[in-house]
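Please open the model in a viewer and keep the selection panel at hand. The tour below proceeds from one selection to the next and states what is to be found at each stop.

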Amino acid sequence: MKKIIIVSLLLFLFQHCFGVSSGTFTVNQWGTGNYTTLASAESGLQGVLISTCYIVITGSWTVADGVTTFAGWTTFSTAPVIVQTTGLSRHSGIWNENAYKIRSNLPYGIGFIVNIKHIYIDGLQIDLQDGDPSANDCGIYELYNGSNDQYRNFSNNYIRYSGSTTVNYNNRTGMALDYGKRGIYKIWNNILQDFYTGMLVVYCTTGSTYYIYNNTIKASQSDIGMSLSAQYSATQSYLFLYLKNNLVQGTTFQGYVFQTINYGIRCTSACNISSDATSPNTDYGNLTVSFLNGATNWLLLSSTDTVAIDKARDLSADSGLSFNTDIIGTIRPSGVAWDIGANEYIYPTVSATKRRIRRPIVLE
Amino acid sequence: MKLKTLLIVFLTIVVAYLFSIKAFGCEILIFAKDTDGINGRYDIWDVVVAMPDGQNWGSEERNKNNFFILKYPNINAKEFEKYLVYDSTNNVRRVYKIDDTKLDVKNSLVATGTATASDTKETLSTIMVKKIAEVIIEP
């Protein structure tokens, strides 16, 4: 009894001194939740976590939210921040203006800055529209300079550039990761659309591990799908890279770029499609995927596709990152095997009534 | 007939103009908790977000222990964009803060959590002050 009282008292003091923010909090445009913007939720909840802090975005969103920075939190691997959309606020694998979205139209716009140790981002839409071709823009940008062993989970997000300018060098990025700290990155089921570089891992020297699975990267200008770089030396460690079931299309520079010094990347890869010859996997380069409508960026798989549907590895029991759904929650596999990319094509089911053979009616 | 058409067009323009004035103002959310303000944390009088007039704030945002809501009928939300800058190099959450000594409505804002200020775009720069002292190198 004495112990319980002491623990309760300590917890009370801890909560009031450090502003503990564990629990579930909602963000809703219409004022029916705890907060109306992600930035105000982040500011209000900044603190030391004793268990997971869920920031759940709900309801429809007729306006775009502003850019957000997560910094100044104390998180633990057992007590991360989880930012996720649910219900009407979640996109359906196709860009949805009525779902939650972060939008920036300013030069040097960054949709989501990550400067905390443990964070999961799930189901967000981020839209960049900067018209300045010389300014750096980024969807999710890591700027973390705390202690090592950070965890990052980025899943089911739709990040795009929808402005009208074309850049000629590497300054418009969907996700830019690795800021010189050793961490574990799990990135799956994301769609990255029309960036110069879809995903960028910047000279990793710390021994970080990346699980990059089932992402769809579609480009429309002079671009790179994934740029993964690392350096190894006596004082530096490898980049441990697991690259599976990713789909890169439309790049005119290179689908996959591996830049290493002293063989700094230790890569395990399987079933990664590229529209050019740069796929690390034999038989998966120079392939053209059929989307629902590539021209309008409906980047879900079309029934006519023959190169991504049923061609992926089953990752439901993967030792590094296991999951069994796609970007819209469809259970994988729908057919005989998993599909490559963020989307799992759903085979149409033929109902019993439709299967019945209709005999012609003969009028006597 | 022509005069009637012109009158309708004129009235439409006037109504549209009045609506645009109505949507001109903004409401800003000010961090109300006194912290050390280091390592990326917000500090009291930091502006968190600026939203257009009529924002339906959430329950935590309306809690005056967490935030103050200051209404500016004469200032557009866009004017605050430059004051919402995160200094990533020094991990300072807001480079600018409100100078509360220059806030006429400070007492009612702190007491009730909301207030309306009469400042304009022109006087905004005197209310928002830079937190990090600029280093002046003398010749």
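Select strand β10 of chain A, residues 150-155, together with β13(A): the two run parallel and are joined by six bridges. In this predicted model, A:Arg152 on β10 stands opposite A:Tyr185 in β13(A). Keep β13(A) displayed and add strand β16 of chain A, residues 209-213; β13(A) and β16 also pair in the parallel sense, over five bridges. To locate the register here, highlight A:Lys186, whose bridge partner in β16(A) is A:Tyr211. In a regular strand, side chains alternate between the two faces of the sheet.

Next, move to the end of β13, which spans residues 183-188 of chain A, and select A:Asn189 in the loop that leads to β14 (191-193). This residue has a positive phi of about 60°, although it is not a glycine. Is A:Asn189 buried or exposed? A:Asn189 is buried, because 27 other C-beta atoms lie within 10 Å, and the threshold for that class is 20 or more.

A second asparagine may be compared with it. Select B:Asn39, in the loop between β1 (26-31) and β2 (47-52) of chain B. B:Asn39 has a positive phi of about 55° and is likewise not a glycine. With 17 C-beta neighbours inside 10 Å, however, B:Asn39 counts as partly exposed.

Return to chain A and colour β5, β8, β11, β14, β17, β20 and β23. In that order these seven strands form an open sheet with parallel pairing. Which strands stand at the edges? They are β5 (102-104) and β23 (273-274); each has a single partner strand, so one side of each is left without a neighbour in the sheet. At the β23 edge, zoom in on strand β20, residues 247-249, which runs parallel to β23(A) and is joined to it by two bridges. A:Leu247 has A:Ile273 as its bridge partner in β23(A).

Now select the nonpolar core. The largest one holds 119 residues, of which A:Val114, A:Ile140 and B:Ile30 touch the most other members. Centre the view on A:Ile140. Leaving aside neighbours within four places in sequence, A:Ile140 is in contact with A:Gly111, A:Phe112, A:Val114, A:Ile121, A:Phe154, A:Ile159 and A:Met175.

Turn next to the place where the two chains meet. Here 20 residues of chain A are in contact with 20 residues of chain B. On the chain A side, the elements that give two or more residues are α2 (38-45), β3 (68-71) and β6 (110-115). Of these, α2(A) gives the most, with four residues. Colouring the chain A side by residue class shows six nonpolar residues, 14 polar and no charged.

Remain with α2(A) and display its side chains. The helix is mostly covered, as eight of its eight residues are buried. They are A:Leu38, A:Ala39, A:Ser40, A:Ala41, A:Glu42, A:Ser43, A:Gly44 and A:Leu45. These buried residues pack against β1 (23-28), β2 (53-58) and β3 of chain A, together with β1 and β2 of chain B.

Step back to A:Thr37, in the loop between β1 and α2 of chain A. A:Thr37 is buried, with 24 other C-beta atoms within 10 Å. Apart from neighbours within four places in sequence, its contacts are A:Val27, A:Asp65, A:Gly66 and B:Val49. For a distance check, pick the C-alpha atoms of A:Thr37 and A:Val56: the two residues are 19 apart along the chain, and the atoms are separated by 11 Å.

One further backbone feature deserves a stop. Select A:Arg332 and A:Pro333, which are joined by a cis peptide bond with omega of about -5°. A:Pro333 lies in the loop between β25 (298-301) and α3 (352-355) of chain A.

Finally, zoom out to the whole model. Chain A comprises three helices and 25 strands, and 49% of its 364 residues count as buried. Among contacts in chain A with a separation of 6 or more, 75% are between residues 24 or more positions apart. As for confidence, the model scores ipTM 0.85 and pTM 0.88. Chain B averages a pLDDT of 87, and 86% of its residues score at least 70. Where pLDDT is low, the predicted coordinates should not be read in detail.

Notes
Residues are numbered from 1 along each chain as its sequence is written. Chains are lettered from A and ligands numbered from 1 in the order in which they are written. This is a predicted model: local features need pLDDT of at least 70, side-chain atom pairs count only at pLDDT 80 or more; totals for chains, interfaces and linings use all residues. A residue is buried if 20 or more other C-beta atoms lie within 10 Å of its own, exposed if 12 or fewer, and partly exposed in between; C-beta atoms are placed from the backbone. Two residues are in contact if their C-beta atoms, placed from the backbone, lie within 7 Å. Ala, Val, Leu, Ile, Met, Phe, Trp, Tyr, Cys and Pro count as nonpolar, Asp, Glu, Lys and Arg as charged, and the others, Gly among them, as polar. A nonpolar core is a set of buried Ala, Val, Leu, Ile, Met, Phe, Trp, Tyr and Cys residues joined through C-beta atoms within 7 Å. Two strands pair if DSSP finds at least two bridges between them. pLDDT is the predictor's confidence in each residue, from 0 to 100.
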